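Work through the exercises below with the sequence and the coordinates open. Each task is followed by a stepwise solution.

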Amino acid sequence: MIGISEDQLRRLLQIKLSYNSLVDLQDANLYEIRIALNEVIKELISEKQTNSNTDISSRLYIVSFELMVENLFEDYIEKLNIKTHLQHILQEKYDDVVNMDNDLHLGQSYIGRFAVDLFEKFSKQGKFCKAYSIFYKNSQFKQQIIDGNQIETAFHEPKTSVVFKRSTQYDIELDNNKIKSQIYDIPYLNENTNFIRLFAPKANPNLNYENFIRGRIEEIYSEENKIDSIRQFVYTPEIDEFGKYIKFLQQKFLSDSIVEDIFNDEIKFFENADEIEQHIQINIVETNVSLVIISFLQKLLDLGYDFEKALRKCNKIFGYININLHRESFELMDLRYLYQFEGIKNIIELINGNALKNGYPEIIKEDFLDCFNLIAFISHEIIVGSNYHKKYLLESEYIDIDTNIQNKIAIQTYGFNDDLFNNKIDCDNLYSSKLKYKKKLVNKYNLKNINDKSIFNMQLSDFHEGKRQVLNVFYILYLYLKLKDNVNTIITPTTFFIGGMSSFDYFFCKKTISLCIGLSKIINSDKLIQEKIKLVFVENIMLDQLPDFAKASDVFNYIPYKNFDVSNTYPYAFMNNGSILLTSNSNVYENVNNLSENNGVFKFDKKISANTESSCMNFILENIEIVKNQKVIDEFYEIYNLIIKYNDSFNVINSFDNFAEVNEKIQKMYLDENLWNGYMLKNIEISNNFGINYLKDY
């Protein structure tokens, strides 16, 4: 890296400000400075020769439909050695400029975070690595609380993040049109520089003059809009035929773009693809991107390789990391969409024939492509996170696991990204250290009337019935009614934090969020219960906020039912910051207890027979009218009746009493400072085993 003096940096920043905003540095607002500083950072990064120390004969590619990228801006400043200079130049504006909210929203779940963690792990090891996805305009919905309901609004295209627009474009055929795939790169700086590579569809600049002359203006703009819709949102809602087709176009566009880029690398480095299987490894992290296999095979056939040889190459190149056992994660793709592309039907039928010949499940199921079976047949290895994870994959009702597939399954622990949670809490005096971060959280998020000496009990995750946020909301309602029934009920003061997003069409979860918000207003304004319990709904929580909450958390709830969230690594991150963990019989519980039974991880969800009577739920039913808020009462009954209607399929009512019992046990333990301190230290020690910097290679 070429060094830069403070004067040089000041002049460069002023040049960018003059060009972008026609203002001087002293007159520029925070946003104008940030945009100019982006340009400065891009220029400095460009001076660094990328991948100069990496082995191009051992390249790693990570394929995901989404990516959750943290705010890398401060990391760039640190690694470019310009922090001190910038602090002098910007003075009191420095913190506000550098700490602007991350506007890169390229994903919405731990699938996207896992892909980025994997990319960063390989990059730190000095390997050539790229992570791929679409450069979404909005990527996901921003969700805000309006009139007690969670409402979706759109994020805007990133402007304050460092993103390179490359001159290279790939020619892609999509929906009977020739379009361009425009490349954008997000740099990741280490000893070498790797890139998260994003693709955006771009209409072919050659206007269809025949349509124009014939007056088919609507047709022209219809095609433009369809192409543009590919990058509007991650996981386009498949609520109608058009939504399903747009989702397919996203998958096809991404797969073709990735394959073009990988072969471009290979031919640039080695002139041909004859030994590509010795040079690259492609890691697929979700079935949504399974079409990359079809596109890769098609590319090899186009280059003149026969099918059998192309198939053998793919078997050595592709690996699959299963991180999700939800029903929706096992994609079935409509073959009508695929067969409109020349040659694809033949490739799919050849793969299917080879799969059956070799004793694998068929990949064609009636009129659909079974994406899991395709990946399982082609991949040389299927990685899962634990024995617990493997057990539920083998037992899944959504897929067929035969002996051939089972023999490919390997267990590798998934870890959290240590660097996201840097500046860890002070272990010498954990109790006072926690209090310091609790005060910071209260002040930073302007939380009113919160007792920072209370237990901070948190559940932060996207809403899903299988993650059972509703169990926590019911428990808080139960505590409130107990206090209203008898204000002298003994409860260790507790502040509950619940936060997360729900899909716009997920009725049960939307109702749970609304009940949580309504209940928080009632509890937090009730002076009779003093400071015994508070409820905070964390609106629109983002990845970059999680460290603030992890450092302040006393108890973290990780309470999925059975096989939900088998790959979630945030519990380890919260443990690493001194949180006690309340969990169900989960992947995390098994992993932790395999290392040490002496820990601060407490399990509920003991085996209970179906339709067990719940004294906690009966108490709510008998006393719910005490709430005196008809909206909250109606929402409670709506949720309760849905649970009963579907036979408590996620074990909410059946687990309720045990959940309350373990919570009460944890609340009592908090009063013993030495005991609690010991649990925190043990959890920090154990969790270090699950940081990605400590895990062995995939």
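The exercises cover one histidine, the nonpolar cores and one sheet.

The model is predicted: local features need pLDDT of at least 70, side-chain atom pairs count only at pLDDT 80 or more, and totals for chains, interfaces and linings use all residues. Residues are numbered from 1 along each chain as its sequence is written, and side-chain values use heavy atoms, with hydrogens and water left out.

**Exercise 1.** Determine whether His-389 is buried or exposed.

Step 1. Locate His-389 in helix H16, residues 387-395 (helices are DSSP runs of H or I, at least four residues, and strands runs of E, at least two, numbered from the N terminus).

Step 2. The relative accessible area of His-389 is 0%, so His-389 is buried (under 20%; exposed is over 50%, partly exposed in between; 1.4 Å probe, protein chains only).

Step 3. Beyond four places in sequence, contacts of His-389 (heavy atoms within 4.5 Å) include Asn-322, Tyr-414 and Asn-587.

**Exercise 2.** Find which helix gives the most to the largest nonpolar core.

Step 1. A nonpolar core is a set of buried Ala, Val, Leu, Ile, Met, Phe, Trp, Tyr and Cys residues joined through side-chain atoms within 4.5 Å.

Step 2. The largest has 80 residues, with Phe-296 and Phe-318 among those with the most contacts inside it.

Step 3. Helix H9 (residues 241-270) gives the most, 10 residues.

**Exercise 3.** Give the strand order of the open sheet of six strands.

Step 1. The order is S17-S16-S15-S18-S19-S20, with parallel pairing (two strands pair if DSSP finds at least two bridges between them).

Step 2. Strands S17 (533-538) and S20 (601-603) are the edges, each pairing on one side only.
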